[in-house]
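Hi everyone, thanks for coming. Today I'd like to walk you through a structure, one piece at a time, so have a look at the picture as we go.

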Amino acid sequence: MKYWKIASLLLVLGIAIACSSDSDNPEDTTDSFDRGAMLANWADNIIVPAYGSFNADASEMKTATTVFNENPTVENLQALRTAWKKAYVSFQNVSMFEIGKAEDVRFRNRLNIYPTNSSKIEELIANGSYDFSLPSNIDVQGFPALDYLINGLATSDAEIISFYSTHTNAEAYRNYLQLLSETISTLTNQVLTDWTGGYRDTFVANTSASASGSVDKLTNDYILYFEKSLRAGKVGIPAGVFSQQPLPQNVEGFYKKDISKELLLEALDASNDFFIGKNFNGNTNGQSFKSYLDYLNTIKNGGDLSSLINAQFAAAKNKANQLDASFIQQIETDNSKMQDTYDELQRIVILLKVDMVQALDISIDYVDSDGD
Amino acid sequence: MFGTVSRYLNKTTEAAPLAVFRVFFGLMMVLSIFRFWEKGWIDKLYIKPKFFFSYYGFDWVQPIGNYTYIIFAICGIASLFVALGYKYRISIILFFLSFTYIELMDKTTYLNHYYFISCVGFLMVFLPANAYFSVDAYKNPSKAFQKIPKWTVDCIKLLLCTVYFYAGLAKLNSDWLLKAMPLKIWLPSKYDIPFLGNLFQQEWVHYAFSWSGALYDLAIPFLLLYKRTRWFAFALVVVFHVLTRVLFPIGMFPYIMIVSALIFFDAGVHHKIIRSLSKILRVDYQRIISVAETKKYRFTSKIGLIVIALFFMVQLLLPWRYLAYPNELFWNEEGYRFSWRVMLMEKAGYAQFKVVDEKTGNRFYVNNKDFLTPFQEKQMSTQPDFILQYAHYLGKHFASQGHKNVAIYVESFVALNGRLSQPYIDPNVDLMKERESFAHKDWVLPFNDKIKGL
């Protein structure tokens, strides 16, 4: 009897010590995966540089817009198109990071909702008053709206520039175009400044294992982006996977046409690079989903998940590479190639959403309900 | 044999342990309902969703819009009355019915803990838990008793022992013991728990937790029953449940189990508890004691005893019903619920539903977010009965929207306990042609691996 009492006392005491929330031995973190380092790599080597680069491109696009508006020539239109394309491609590298300020301003919705609503754009231009921050106006702004205004107003360049020079409402067209470019640039600048101005530290410090921790949140954002924006938006929806018929009018870069493949490939590379933790401005890899999975694998001796995911990225890129530069063209000539690409992307979604999420033990719902 | 049984049934014991159990159980339920309400879960889980997953045969149990709050209010007030022992019989019946109704509304929220509470509530309907230290007994001394039949206390103990022991048996499988799964997935992700966080990265810790968890569940009934090990066992109960509370989001359950385990102690402990409670509540302990005197409670009918005997027969057999089904239990989940299988699986899934017009071949995919909450979608994607019910819901929904010849197919993948994901439901089966029943669901694709054990 006495022994049992002593034993139970020791047991409670031991656990009380073990559970007490102070660890006076901070060095013994060495044997576990350093999530802080992964978050720092994400922030410092990928997210902030990618935003920095995109911010410069958005700013260049804004300048090109101003130049064009002051002097709407074919030459300046082509320069604006080049700047637009460069910025649009560059945007593919930041679209997945819908966290922090980007989440607050609904960055992706403000910059890249397509198909753009051309008739509504015409209406707004005719009315002359519009507020891009309204949620109802997400389909009249961003890159797709610019695409319409610089590529889709007419078939020839001469006709397009006439909207900005000789058209009765030319000033309204110029104003709208200007505000589109400025909004993109301003929003991007806001997001970047937020990252460099303190959010980076908040983000990196939030290593908590809960649904509100940075790792869980960004993982959810990343997977959501990949599933909804990349797989469905860029390929699945236009290929008709979710509808009765293919919807070529829903491709990304509808008016420019020969850009949808480039945007997809850039986005795929960016997602893959983020997965392996590749430095945005170089070829070195830091801590990432890949190294995290590899670390957990050394505990689990399970299947080599990170290699499977990388191989699946390669398979998807391989299919995407076979597509026509214009997805409208591709859908018309051979939509099965679009569907094949979709199938490969879908396999990535399953690997990320089922296998990776399970391995990392990240909850994909935000409901904080009780479990067994 | 018959003599032993009837002698046992005539044995009496102090009423205090059951009274203390009633008080704590009632209070825990009040807290649970309050917590559930306060966290906004009534709205989130029972009012916001458009569609609810029913238990087979219970599709008539549905939330009733904003009136659902009334059910919770009834449940909370009934719990309080149970704790007080005020109008006990009607209160415990109301508690059992309202609580069980809530649990039956949507099986998305199924937890063994909730099932346990329904079981306890049911048992307590037949027990004289208000015979001592209750408002009923205080107001009407003819209802006050110092002694009650021993079996009435023992059946709470038996239920607790069943829960633990069956939970222990369920852990005797190769995933739990030989692979330390799913703890090997869950523990490393608790890296931010001070001190223990680093230990959780070590493989031996996963095995230590798995094995000691199984051992704990199997041994604790006996350690609690055996007088010499009782205090040690209670310390184990406290440690074990506090630890699970620290590690996993399991709400009130650990506390409920800790206070429930008090029932194993001798009446002396309970008298001390009642004395302390009397002090806190500023009621006269001596007077409470004196109304009960040394009267013995006698049942006027045998019905309660018979019902309880049947109840335990079902309890002991139900967890084995999975043996009647082919294929892997963890994969098909036929006979998984209501069997005290706790924390055995980490299952993640992905299910994409395809609506097909069988005549024209036209098809499109469903966005699950349009119909389900993230929590419902998560539960649905790994459990065949959810998938089937949802498919039928989708079929009816799209047919009512004017779609013709609707067939519903699902492309789904599930990963179980760290294995790579594999296809789950046969993608070539039109789920509209399948019906829910207790029969084996042959449209679930076979599991590519083997899990040995019970």
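Let's start with a word we'll need straight away: a helix here is a DSSP run of H or I with at least four residues, and helices are numbered from the N terminus. One more thing before we dive in: this is a predicted model.

With that in hand, find A:Pro49, which sits in helix α2 of chain A, residues 35-70. Is A:Pro49 buried or exposed? It falls in between: A:Pro49 is partly exposed, because 17 other C-beta atoms lie within 10 Å, and being buried takes 20 or more. Which residues does A:Pro49 touch, if we skip those up to four places away in sequence? They are A:Phe280 and A:Asn281. Along the chain, A:Pro49 and A:Phe280 are 231 residues apart, yet their C-alpha atoms are separated by 6.4 Å.

Now for the inside. The largest nonpolar core has 215 residues, and those touching the most other members include A:Ile348 and A:Met356 from chain A, and B:Tyr132 and B:Ile387 from chain B. The biggest contribution to this core, 14 residues, comes from helix α14 of chain A, residues 327-360. Let's zoom in on B:Ile387: beyond its neighbours within four places in sequence, it is in contact with B:Ala351, B:Met380, B:Val410, B:Ser412 and B:Ile425.

Next, a helix in chain B. Helix α5, residues 88-105, has 18 residues and spans 26 Å from first C-alpha to last, close to the 26 Å expected. Among its buried residues are B:Tyr88, B:Ile92, B:Phe95, B:Phe99 and B:Ile102. A handy rule for reading a list like that: an α-helix has 3.6 residues a turn, so residues three or four places apart point the same way. What do the buried residues of α5(B) pack against? Their partners are α2, α3, α4, α6 and α7 of chain B.

Last stop, the strands. Strand β5 of chain B, residues 406-416, is largely enclosed by the rest of the structure, because eight of its eleven residues are buried. Eleven bridges pair β5(B) with strand β3 of chain B, residues 347-357, in the antiparallel sense; in one of them, B:Val406 is the partner of B:Asp357. β5(B) also runs antiparallel to β6(B), residues 422-423, through two bridges, with B:Val414 opposite B:Gln422. These two strands make a hairpin with five residues between them, and in the turn B:Asn417 has a positive phi of about 50 degrees.

That's my tour, and I'm happy to take questions!

Methods: Residues numbered from 1 in each chain as written. Chains lettered and ligands numbered in written order. Predicted model: local features only at pLDDT ≥ 70, side-chain atom pairs only at ≥ 80, totals over all residues. Core = buried A, V, L, I, M, F, W, Y, C linked by C-beta atoms within 7 Å. Buried ≥ 20, exposed ≤ 12 C-beta atoms within 10 Å, placed from the backbone. Contact = placed C-beta atoms within 7 Å. Expected span 1.5 Å × (residues − 1). Pairing = 2+ DSSP bridges.
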